[in-house]
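Okay, thanks everyone, I'll keep this short. Let me put the structure up and then walk through a few spots that I'd like you to look at.

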Amino acid sequence: MRDNRVTNQRGQGSAGAVLGAAIVAMGLISGTFYIFSCGVMPGLGRSDDRVFIEVMQNMNDAFNNPVFFASFIGALLFTAVSAWQLRGTGSYRWVLAALVVYLVAFAITSVVNVPLNDELADAGDPAKIADPAAVRDKFEDTWLAWNVVRTLLSTVAVGLLARALVLRGRDSKAARRPEHSAPAAGSI
């Protein structure tokens, strides 16, 4: 009996660590999208067309690094593993909801934002683009709109994961409470 309890506690510890990693990775991604919505893009929007294109090309190139991909893909993987580990618990549906919501944000990034980034890169050297205003117009509004959507979705996913963590904590606390034992024979 004791061995099962130890095994279950180890499994629960792993589930807690994975859920924690999912929250951290999701928070990093949500924050990345958020800062683009609140600061980077509004500031860059004040630039002329060639500067806008050059800076966006440089930023998109800079984001192609293992640290960003670890959190972008890690948020998806940790959340998926956490959902699997927590199946059958009160936290499961919250983690599963976070996974579904982030899958939509992940798909938006893959289907909308990244192809727009690639088209901008394919436009070439901003100094040699014949009509930089047209290149910017094709990119900016669509990229911004979908960035807001993925920001909101990934923020909702953080909230859902946080709710799962709270519920998991309550479940763990309840499991540690001693059960009420029946009175001993002969006592009143």
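So let's start with Thr79. Leaving out residues up to four places away in sequence, Thr79 touches Ala22, Met26, Gly74, Val95, Ala98, Leu99 and Leu161. One caution before I go on: what you see here is a predicted model. Thr79 sits in helix α3, and it counts as buried because its relative accessibility is 0%.

Now zoom out for a second. The protein has 5 helices and 0 strands, so if you read along the sequence you get α-α-α-α-α. Of the 188 residues in the protein, 34% are buried. The exposed surface comes to about 11100 Å², and carbon and sulfur atoms supply 62% of that. As for contacts, take those between residues at least 6 apart in sequence: 81% of them join residues at least 24 apart.

Back to α3, then. That helix covers residues 66-85. At its N-terminal end, Asn65 acts as the cap, with a side-chain oxygen 3.0 Å from the backbone nitrogen of Val67. Further along, α3 has a kink of about 35 degrees, and the centre of the kink is Gly74. Remember that Gly74 is also one of the residues that Thr79 touches.

Which residues of α3 are buried? The list is Phe68, Ser71, Phe72, Gly74, Ala75, Leu76, Thr79, Ser82 and Ala83. Keep some helix geometry in mind as you look at that list. With 3.6 residues a turn, an α-helix has residues three or four places apart pointing the same way.

There's a surface side to α3 as well. Phe69, Ile73 and Leu77 make a nonpolar surface patch of about 250 Å². Ile73 belongs to α3, and its relative accessible area of 35% makes it partly exposed.

Next, a quick stop in α4, which spans residues 92-122. The residue to find there is Val112. Is Val112 buried or exposed? Buried, with a relative accessible area of 19%, and the cut-off for buried is under 20%. If we set aside neighbours within four places in sequence, Val112 is in contact with Ala107, Thr142 and Trp146. Take Thr142 from that list: Val112 and Thr142 are 30 residues apart in sequence, and their C-alpha atoms are 8.3 Å apart.

Okay, on to the charged side chains. How many salt bridges does the structure hold? There are 3.

Let's begin with Arg136 and Asp49. Their closest N and O atoms are 3.1 Å apart, in a salt bridge. This pair links distant parts of the chain, with Arg136 in helix α5, residues 132-176, and Asp49 in helix α2, residues 49-62. In sequence they are 87 residues apart. Arg136 counts as buried, at 6% relative accessibility, whereas Asp49 is partly exposed, with a relative accessible area of 23%.

Arg136 has a second partner, and that's Glu140: their side chains meet in a salt bridge at 2.8 Å, N to O. Here both residues lie in α5, 4 residues apart, which is about one turn of the helix. Glu140 counts as buried too, with a relative accessibility of 14%. Put those pairs together and you have Asp49, Arg136 and Glu140 linked in a network of salt bridges.

And then there's Lys138 with Glu119, a salt bridge whose closest N and O atoms are 3.4 Å apart. Lys138 is in α5 and Glu119 is in α4, so this pair ties together parts that are 19 residues apart in sequence. Lys138 counts as exposed at 56% relative accessibility, while Glu119 is partly exposed, with a relative accessible area of 39%.

That's my tour. If you want to turn the model yourselves, I'd go back to the kink at Gly74 in α3, and then to the network of Asp49, Arg136 and Glu140. Happy to rotate anything on the screen.

Note on methods. Residues numbered from 1 in each chain as written. Predicted model: local features only at pLDDT ≥ 70, side-chain atom pairs only at ≥ 80, totals over all residues. Heavy atoms only, no water. Patch = residues over 30% accessible without salt bridge, like charges linked within 9 Å, V, L, I, M, F, W, Y side chains within 5 Å. Areas by Shrake-Rupley, 256 points an atom, 1.4 Å probe, with all protein chains shown as cover. Salt bridge = Lys/Arg side-chain N within 4 Å of Asp/Glu carboxyl O. Helix = DSSP H or I, 4+ residues; strand = E, 2+ residues; numbered from the N terminus. Buried < 20%, exposed > 50% of the residue type's maximum accessible area, 1.4 Å probe, protein only. Contact = heavy atoms within 4.5 Å. Bend = angle between axes of the 7 residues up to and from the residue. Polar contact = N/O pair within 3.5 Å; in protein donor to acceptor, adjacent residues only side chain to side chain.
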